[in-house]
Amino acid sequence: MKHIVITGASRGIGLEMVKLFSNSGHKVLALSRNIQPVKELGLENVTALSCDITNEASLQEVDGFIQSKWERVDVLINNAGAILNKSFKESSIAEFKRIYDTNVFGVVGLIQQVLPFMGKAGHVVNISSMGGVQGSVKFPGLSAYSSSKGALISLTEMLAEEYKEHGPSFNVLALGAVQTEMLEEAFPGYKAPLKAAEMAQYIVDFSLTANKYYNGKLLQVSNSTP
């Protein structure tokens with residue numbers, strides 16, 4: 001039995017991962033600003049904690065829960081993300097900062113809180129996007145989103161190097177098109193080849209086993225972009 005922390009757990013891929021981990025007998029701390037969808041699942045080994053990863057007080061609550069209830073974390077999946085579909089010219093600095101607060105700085109803050117509870121065998125999986133991969137196809141209107149996801153990729157590589165001696169391992173998955181609410185926001189009307197549950201299964205399997213084989217790696221998980 002593993003202790004799993006997942007952000008962005010209230011919908012899409014995140015919610016599907018909560019179900020999969022729970023059904024496999026793992027303990028899950030599901031973090032999201034909206035915890036109602038997780039609570040409605042009624043899963044005994046799942047704790048839903050209202051958390052805004054951009055808020056220091058929220059991050060302290062996560063720390064308090066882990067310290068008092070678990071004392072260790074085996075897997076951290078940084079799945080939460082924010083998107084802005086707007087031309088660069090019309091995007092304000094405040095809007096850029098909002099996207100980076102969730103996609104980069106919130107991830108930094110949560111990792112810093114959780115790291116003391118993770119050992120050599122721990123695994124941090126950051127969820128990025130094909131839009132953040134150097135040399136990939138880019139799309140107008142997603143400058144804030146794609147650049148923030150590129151920053152997340154670099155952050156993962158740096159942390160893997162910094163913690164390579166004592167762990168945990170850090171890897172990043174750049175996802176292509178998956179049928180989620182976020183995809184609909186970025187590409188209205190587009191139908192992706194993969195459902196959220198299918199991608200969730202891949203990420204679950206990867207998070208539990210891939211740190212035996214990878215550290216500091218970017219894996220492109222995509223057959224469509226979009």
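## Stacked rings and a one-sided helix

There are five aromatic pairs in this structure, which is a predicted model. One of them joins tyrosine 202 and phenylalanine 206, a stacked pair. Both residues sit in helix 7 (residues 196-209), four residues apart, or about one turn of the helix. Phenylalanine 206 also stacks with tyrosine 214, and Tyr202, Phe206 and Tyr214 make up one aromatic cluster. Here is how the two pairs look in numbers:

| Pair | Centre to centre | Angle between planes |
|---|---|---|
| Tyrosine 202 and phenylalanine 206 | 6.2 Å | 20° |
| Phenylalanine 206 and tyrosine 214 | 6.1 Å | 20° |

How exposed are these residues? Phenylalanine 206 is buried, at 5% relative accessibility. Tyrosine 202 is partly exposed, with a relative accessible area of 35%, and tyrosine 214 is partly exposed at 35% relative accessibility.

Now over to helix 3 (residues 56-70). Its 15 residues span 21 Å from the first C-alpha to the last, close to the 21 Å expected at 1.5 Å a residue. The buried residues in helix 3 are Ser58, Leu59, Val62, Asp63, Phe65, Ile66 and Trp70. They cover an arc of only 160° around the axis, so they end up on the same side of helix 3. Their cover includes strand 1 (3-7), strand 2 (27-32), strand 3 (46-50) and helix 4 (93-114).

What about the two ends? At the start of helix 3, asparagine 55 has a side-chain oxygen within 2.9 Å of the backbone nitrogen of alanine 57. After helix 3 comes glutamate 71, with a positive phi near 75°.

Methods:
Residues numbered from 1 in each chain as written. Predicted model: local features only at pLDDT ≥ 70, side-chain atom pairs only at ≥ 80, totals over all residues. Heavy atoms only, no water. Phe/Tyr/Trp six-rings, centres within 6.5 Å; stacked < 30°, edge-to-face > 60°. Helix = DSSP H or I, 4+ residues; strand = E, 2+ residues; numbered from the N terminus. Buried < 20%, exposed > 50% of the residue type's maximum accessible area, 1.4 Å probe, protein only. Expected span 1.5 Å × (residues − 1). Arc of directions from axis to C-beta. Contact = heavy atoms within 4.5 Å. Polar contact = N/O pair within 3.5 Å; in protein donor to acceptor, adjacent residues only side chain to side chain.
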